[in-house]
Amino acid sequence: MLAVNGLGHRYGTGKNAHVALEEVSFTVDSGEIVCVVGPSGCGKSTLLRAVSGLLRPTKGASTLWDKEITAVPEELAVVFQDYSRSLLPWLRVAGNVEFPLRNQDLNRVDRKERAAEALAWVGLDGAGEKYPWQLSGGMQQRVAIARALAYRPTLMVMDEPFASVDAQTREDLEDLLRRVRTEHGMTVLLVTHDIDESVYLSDRVVVLSSAPTTVLTTIKVDLPVERNQIATRESERFVHLRGEVARLLRRSSD
Ligand code: ADP
Ligand code: MG
């Protein structure tokens, strides 16, 4: 479904040039959750911006259903790392979640229902009438996640989406994402620097090196589809897989 082909990006020119991505290639199949894991500063956000059509890479390209991505595709929703810039401050929480639905073939009542459902999913049932600035950072990020889920994108692209929420909420959101993926047939590409999260969430982990950034390897996560925050994380297979990713990352930064 998604193919990232030899993607590279250089910020600036001449002496001030900084190569954020050397050359990155991988694919995401329809219905998969793929996590990209890599050290801080290795270019994960740059990669996601390029894949989402928000940044034109200086090398290579990405395709969605064989079509080159040059602008944000309609079937795609993005959740950014920086929640403080992602919500519209003049709209209430419910208004923010409904906003992208205006372009979809839904009437007002359906839009309201979709938004209310997504807010309940992220544990914010009562917060629809509030303004974003009345919520904590973690809650604002959950609004951004609800907005993306309400949109029901074919492909969901997420940049460290759970970094700003507390540990318990983070686990709930990880399980929610896996459940919504199954129930609504979504495909997810998510970047994180958290090794355990990458293994717990995904069907495959793409491990990036530190700069000059390339794909070190792709690891298939052969854990059962049904996962449990406690049992899965203490299973032998999970511990083995997280060790494999950790060793690769350690070696790449030595
Ligand atoms: P990550 O998300 O993995 O932490 P980023 O993609 O944010 O990494 O950044 C990769 C590298 O590119 C970093 O060294 C960062 O300082 C640099 N960088 C990111 N954005 C810009 C920009 N707009 N201009 C110049 N350099 C940038
Ligand atoms: Mg980042």
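**View 1. Ser45 and Gln81 at the magnesium ion.** Ser45 counts as buried, with 19% relative accessibility. Gln81 is partly exposed at 38% relative accessible area. (Buried is under 20% relative accessible area, exposed over 50%, partly exposed in between, with a 1.4 Å probe and protein chains only.) This is a predicted model: local features need pLDDT of at least 70, side-chain atom pairs count only at pLDDT 80 or more, and totals for chains, interfaces and linings use all residues. Residues are numbered from 1 along each chain as its sequence is written, chains are lettered from A and ligands numbered from 1 in the order written, and side-chain values use heavy atoms, without hydrogens or water.

Ser45 (OG) and Gln81 (OE1) are the protein donors of the magnesium ion (ligand 2), 2.1 to 2.6 Å from it. The pair links distant parts of the chain, 36 residues apart: Ser45 sits in helix 1 (residues 44-51), Gln81 in the loop between strand 6 and helix 2 (93-98). Donors are N, O and S atoms within 2.8 Å of the metal (3.2 Å for Na, K and Ca); water is not among the atoms, so sites may look incomplete. Helices (H or I, at least four residues) and strands (E, at least two) are DSSP runs, numbered from the N terminus.

**View 2. Helix 5 and the glycine after it.** Helix 5 (residues 167-184) has 18 residues. Its span from first C-alpha to last is 26 Å, close to the 26 Å expected at 1.5 Å a residue, where the expected span is 1.5 Å times one less than the number of residues. Its buried residues include Leu173, Leu176, Leu177 and Val180. Just after helix 5, Gly185 takes a positive phi of about 60 degrees.
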